[in-house]
Amino acid sequence: MTASIDPYLSTEAMLEVALNEARLGFGEGGVPVGAALFASDGTLLGRGRNRRVQNDDPSVHGETDAFRRAGRQRDYRSTIMVTTLSPCWYCAGLIRQFGIGKVIIGEARHFEGRHDWLAEAGVAIEVLDDERCFDLMTRFIGRSPDVWKEDIGEV
Ligand SMILES: [Zn+2]
């Protein structure tokens, strides 16, 4: 999927794409984590959301969904991954494996991934601490505490 939107997309506008995915996921009864992969000029390459519940598939996280929908890219170093929640090990591994250059994070209060481990690999990290992302996760955890625990690997 390739859709060009504003070629000079602001950080806030990029987060909006990921947040809309998270909201869709919440509406579907899923884990509301959304993500989007952008080219350095703000072109949207792919967007997606966690579909653990919807697809009965724990391997579909927001970041991996956006990544897969972006298809093959020649160069990942110049791409920007935007996610509503700090990336887990699995998604951080994907970011390092493909050398994605920058990660913009909606919030890292409900879950904080290893930002230092990403930074070590030269990944630029920007945490926005966006209230809308935080509030959506708060609502979800209140509604589905067991699914949240499952998602972060707590039994
Ligand atoms: Zn993940």
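**Figure 1. Charges across the predicted model.** In this predicted model, the protein carries 18 positive and 24 negative charges, and the mean positions of these two sets lie 5 Å apart. The accessible surface on which a reader may look for side chains amounts to about 7,600 Å², and carbon and sulfur atoms account for 49% of this surface.

**Figure 2. The overall fold of the protein.** The chain forms 6 helices and 5 strands, and when these elements are read along the sequence they give the pattern α-β-β-α-β-α-β-α-β-α-α. Taken along the principal axes, the C-alpha atoms occupy a box of roughly 40 × 30 × 30 Å. The radius of gyration is 14 Å, which agrees with the value near 15 Å that a compact globule of 155 residues would have. Of these 155 residues, 50% count as buried. If we consider contacts between residues at least 6 apart in sequence, 57% of them join residues that are at least 24 apart.

**Figure 3. The zinc site.** Which residues coordinate the zinc ion? The donors are His61 through its ND1 atom, together with Cys88 and Cys91, each through its SG atom, at 2.1 to 2.3 Å. Along the chain these donors follow the spacing H-x26-C-x2-C. His61 sits in the loop between β2 (44-49) and α2 (62-70), whereas Cys88 sits in the loop between β3 (80-85) and α3 (89-98), so the pair ties together parts of the protein that are 27 residues apart in sequence. His61 has a relative accessible area of 10%, and because this is under the 20% cut-off, His61 counts as buried.

**Figure 4. Thr84 within strand β3.** Is Thr84 buried or exposed? Thr84, whose place is in strand β3, is buried, with a relative accessible area of 4%. Leaving aside residues up to four places away in sequence, Thr84 touches Ala18, Leu19, Ala22, Pro32, Val33, Gly34, Gly106, Glu107 and Cys133.

**Figure 5. Arg72 in the loop between α2 and β3.** Arg72 is located in the loop that runs between α2 and β3, and with a relative accessibility of 85% this residue counts as exposed. Leu45 makes a useful partner for this view, since Arg72 and Leu45 are 27 residues apart in sequence, while their C-alpha atoms are 9.8 Å apart in space.

**Figure 6. Asp56 and Asp129, two residues with positive phi.** Most residues other than glycine have a negative phi. Asp56, although it is not a glycine, has a positive phi of about 55°, and Asp129, also not a glycine, has a positive phi of about 50°. Where along the chain does Asp56 lie? Asp56 belongs to the loop between β2 and α2, and at 69% relative accessibility Asp56 counts as exposed. Asp129, in turn, is found in the loop between β5 (124-127) and α5 (131-143). With a relative accessible area of 39%, Asp129 is partly exposed, because this value falls between the cut-offs of 20% for buried and 50% for exposed.

Methods. Residues are numbered from 1 along each chain as its sequence is written. This is a predicted model: local features need pLDDT of at least 70, side-chain atom pairs count only at pLDDT 80 or more; totals for chains, interfaces and linings use all residues. Side-chain values use heavy atoms; hydrogens and water are left out. Donors are N, O and S atoms within 2.8 Å of the metal (3.2 Å for Na, K and Ca); water is not among the atoms, so sites may look incomplete. Helices (H or I, at least four residues) and strands (E, at least two) are DSSP runs, numbered from the N terminus. Buried means under 20% relative accessible area, exposed over 50%, partly exposed in between (1.4 Å probe, protein chains only). The radius of gyration is taken over C-alpha atoms; the globule rule is 2.2 Å times the number of residues to the power 0.38. Contact means heavy atoms within 4.5 Å. Accessible areas come from the Shrake-Rupley method with a 1.4 Å probe; for residues, only the protein chains shown count as cover. Lys and Arg count as positive and Asp and Glu as negative; His and the chain ends are not counted. The place of a charge is taken as NZ of Lys, CZ of Arg, CG of Asp or CD of Glu.
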